[in-house]
Amino acid sequence: MKTALDPRRLLIGASAPVLALLFAVAVTSVVLATAGKDVWLTWQTLLQPQDFRRALVLTINQGTYIFLSALAVAIGFRMNLFNIGVDGQYRMGAFAGAVVGGAVTLPTGIHVVVIILVSMVVSALWAGIAGLLKVTRGVSEVISTIMLNAIATSLIAYMLRRVQVPVAGSNNIGTKPIPGSGRVPGLGLVPGTPAEIYGLVFLAIAAGIAYHVLLNRTRFGFDLRATGRSSTAAVASGVDVKRMVVVAMLISGAAAGLVGMPILLGEAYSYSITFPAGLGFTGIAVALLGRNSPIGMALAALLFGYLNVAANPLQILANVSTEVVAIIQGLILLSVVVAYEVVRRYRIAAEQRRVAREVQEDPVDSDGSGPSPAEVRA
Amino acid sequence: MVANRDVNIVIRRGQVHAIVGENGAGKSTLMNTLYGMHRADEGTILVEGAPMTFQSPADAIAAGIGMVHQHFMLADNLTVLENVVLGAEKLHGIGDGARRKIMEISGSYGLDIEPDVLVEDLGVGDRQRVEILKVLYRGARILILDEPTAVLVPQEVDELFDNLRELKAEGLTVIFISHKLDEVLAVADEITVIRRGTTVATVHPKDVTAPQLAELMVGSELPTPETRESTVTDQVVLQVDGLTLSAPVPRGARPVDEGREPTTRRLLDDVSFTIHRGEVLGLAGVEGNGQAELVEAVMGMRPGARGSVELDGADISDWTTRRRREAGIAYVPEDRHRQGLLLEAPLWENRVLGHQTERPNVKGPWIDRAGARADSERIVRDYDVRTPGIDVLASALSGGNQQKFIVGREMSGKPKVLIAAHPTRGVDVGAQAAIWDHIRAARRNGLGVLLISADLDELIGLSDSIRAILRGRLVGEFDPAEVTPEQLGSAMTGAADRAEA
């Protein structure tokens with residue numbers, strides 16, 4: 001968004017996540033030491049995966065869907081909407097996509113497109129419920145999306161019973177598998193490992209670019225960001241904020257519809273009871289860490305993906321529960337949110353100082369600013 | 001940033017000491033330092049000869065310094081007594097002891113306060129006296145009054161000055177901050193002038209005239225908003241008829257036993273007016289009498305408004321805010337931080353705000369960055385916005401420069417009507433003159449203006465005709481060539497009605 005690439009500005013911007021990361025490492029080490037674990041061995045295991053190439057592929061794959069989830073969350077964030085319901089939305093979408101995909105026979109390619117569109121539409125509608133409730137009844141989207149997550153879980157379980165087919169070789173149940181014409185083949189881009197990267201990694205890249213263009217280059221994106229920054233100013237500028245809330249929720253939901261697609265079309269081919277859940281919440285964390293910027297979220301998604309992948313051998317090699325990764329992720333998030341706020345305030349103050357210096361103006365006095373907490377005591 | 005430097009003031013006991021300076025000269029910063037809200041980097045504060053360091057307002061209060069803020073801090077739904085004892089319960093309790101003390105203070109300084117009245121039933125002048133009483137109740141011997149007359153009409157100002165003289169007679173010290181020179185000359189025993197954060201002179205009111213004081217303040221002559229040659233045409237550009245807006249009265253806002261329980265309250269009551277091409281219609285009124293609602297109703301931001309609004313002959317009553325803006329209504333909002341700017345967006349994005357559908361900001365559905373940036377540069381140049389560039393955040397600019405940018409933006413694209421609410425509030429003298437010039441120039445070219453201002457001189461100077469608004473109704477029509485601030489003040493407060501009661 002910033003056109004001027006001021007190195008000082010970049011340095012300040014990068015310092016927050018780096019400091020947060022170091023802080024998280026330090027605190028995690030304390031936790032490990034307190035629990036009597038081998039701190040050094042734990043980090044060694046995390047940082048030196050045994051099969052580096054395989055870990056790389058898996059990291060990219062995890063990063064793909066985590067990134068899509070973060071995008072969906074970020075669309076809401078840019079408008080000050082806290083869409084916690086990405087989790088329910090992508091599962092609803094992926095389920096509907098799996099059912100339709102397994103039921104129809106279509107030419108290769110078109111089959112894939114149909115599944116993705118079905119998933120996006122269903123996810124968008126599921127998110128739209130929260131948007132409508134907010135503008136018509138004033139229900140906070142935080143509350144309604146949390147509830148819709150729970151409803152989605154039950155609804156999917158109920159419907160899965162109706163369409164279920166046994167998954168071969170297990171007592172798992174799932175939807176009817178999607179035939180070959182509806183699958184997206186993996187890519188053997190990394191030599192020396194049989195693991196393949198999801199073909200839909202390109203979908204994630206395209207979605208990231210679309211997100212950037214939509215928000216920063218279009219009138220619609222301007223209205224959306226203006227509403228997020230100041231809904232009062234947006235109203236005065238002629239934005240129909242209610243309509244904007246519904247539209248933003250629909251778009252956020254449509255993006256959520258993409259989250260399950262790399263797994264569904266590139267790996268699972270059916271929606272079973274083991275279909276991954278909880279990616280919506282990872283998306284919230286990654287959107288916060290990446291500060292809603294496509295590049296930032298991509299890096300954050302890869303980091304979280306890597307931590308998940310690298311955690312797998314921890315139990316065996318270092319006798320440390322893989323949940324330690326959740327501690328690290330949580331700490332990164334906690335500290336980064338604090339660090340960003342500190343940096344944000346510093347930046348605004350620094351810019352004010354710089355402008356005051358460069359224009360050599362009279363000092364700004366505090367006329368017109370609201371009462372500070374201290375004044376209330378008088 | 002250095003907001004104050006080398007400030008030297010000696011204030012004698014039992015005096016009213018005025019501190020004058022332009023907006024942004026550092027008056028408030030100085031007072032906040034005296035009141036312990038922030039600490040000075042250098043220098044000392046002596047109270048009765050003893051050096052003081054204030055960590056917080058509590059320290060200042062303990063040293064006998066009290067502050068009456070420009071914006072009142074009273075809870076409307078509590079009584080005067082409850083407001084006064086709030087946070088000072090330990091002094092005289094919350095019952096009869098406190099009531100006695102309040103009556104005693106009120107009596108000895110002529111404040112005329114009834115302790116058991118609800119604050120929401122009080123007028124602005126009464127509320128201010130409650131604020132003064134709050135400070136005295138906490139034992140202050142030195143009172144700081146931050147622009148106390150900004151919210152008062154002329155009659156109330158006179159009453160306030162009588163109160164200040166009483167306080168002085170009882171040996172209290174008053175520090176009176178203002179930028180209204182006639183008031184300062186009327187009430188002060190000594191005047192200190194602040195310019196660019198530092199004290200430039202301390203004078204006696206009998207030794208100086210208002211123009212001399214003004215020169216000390218700004219270092220040059222004061223501009224006036226005079227515009228006498230009329231440019232009013234007979235073409236109607238904005239016609240408002242019977243505009244009415246009701247709001248429900250919140251339950252519990254009034255005591256039940258009072259007998260009057262209206263479920264709705266009229267924020268705007270049958271407001272009608274006409275603005276012609278080239279005409280500035282001034283609207284005088286005490287804040288909170290429906291000005292904000294009127295402006296928002298005309299802008300299409302109040303869904304419940306009834307009545308009709310016509311722009312250039314077209315009925316726009318059902319139009320959205322965006323369509324009204326596209327049709328040529330420009331809007332300088334009262335609260336620039338809430339409605340006029342995206343503070344955390346760069347300046348050039350603020351050029352787009354409110355004009356998201358107009359060239360040069362957009363091309364079809366796309367934001368035209370180059371166009372918006374170039375036009376932002378033009379506004380910065382033409383409106384003398386002091387900024388190092390158009391990529392700085394809007395929040396980094398001083399209030400006056402933010403306002404100049406907003407006025408420049410709203411004047412872009414040849415608007416037919418400008419709705420300007422307090423266009424020069426919080427703006428320094430130079431910028432004020434520039435904004436007036438721009439409004440005058442646009443008026444010559446046929447712009448119709450609805451001007452809302454608390455500054456009666458500005459209203460009288462700029463307007464072609466003036467209406468007063470009181471409790472949502474237009475109550476009088478005045479010719480700015482003849483009207484005095486006192487007459488306007490009476491109309492704004494309904495003084496005529498009150499005299500009968």
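Which residues have the most contacts inside the largest nonpolar core? In this predicted model, they turn out to be B:L143 and B:I419, and the core itself takes in 241 residues. The biggest share comes from helix α3 of chain A, residues 52–77, which puts in 14 residues. As for B:L143, setting aside its neighbours within four places in sequence, the residue is in contact with B:G66, B:V68, B:I132, B:V135, B:L167, B:L172, B:V174 and B:I175.

Chain B is split by the domain assignment into three parts: domain 1 covers 16–218, domain 2 joins 228–328 with 414–501, and domain 3 runs over 334–413. Between the centres of domain 1 and domain 3 of chain B, taken over C-alpha atoms, lie 38 Å.

Then there is the sheet. Chain B has six strands that line up as β14-β17-β18-β11-β19-β20, making an open sheet with mixed pairing. At its edges stand β14 (329–332) and β20 (473–478) of chain B; each has a single partner strand, so one side of each is left without a neighbour in the sheet. Going from one strand to the next, the twist averages 20 degrees.

At the β20 edge of chain B, the partner is β19(B), residues 465–470, and the two pair in the antiparallel sense over five bridges. Here B:R467 sits opposite B:E477 of β20(B). A helix joins the picture too: α10 of chain B, residues 291–298, packs on the sheet and touches β11 (280–284), β17 (417–421), β18 (448–452) and β19 of chain B. The direction of α10(B) makes about 155 degrees with that of β17(B).

Key:
Residues numbered from 1 in each chain as written. Chains lettered and ligands numbered in written order. Predicted model: local features only at pLDDT ≥ 70, side-chain atom pairs only at ≥ 80, totals over all residues. Pairing = 2+ DSSP bridges. Helix = DSSP H or I, 4+ residues; strand = E, 2+ residues; numbered from the N terminus. Axes fitted to C-alpha atoms, helices over the stretch in contact; angles between N-to-C directions. Contact = placed C-beta atoms within 7 Å. Core = buried A, V, L, I, M, F, W, Y, C linked by C-beta atoms within 7 Å. Buried ≥ 20, exposed ≤ 12 C-beta atoms within 10 Å, placed from the backbone. Domains from an automatic or database assignment.
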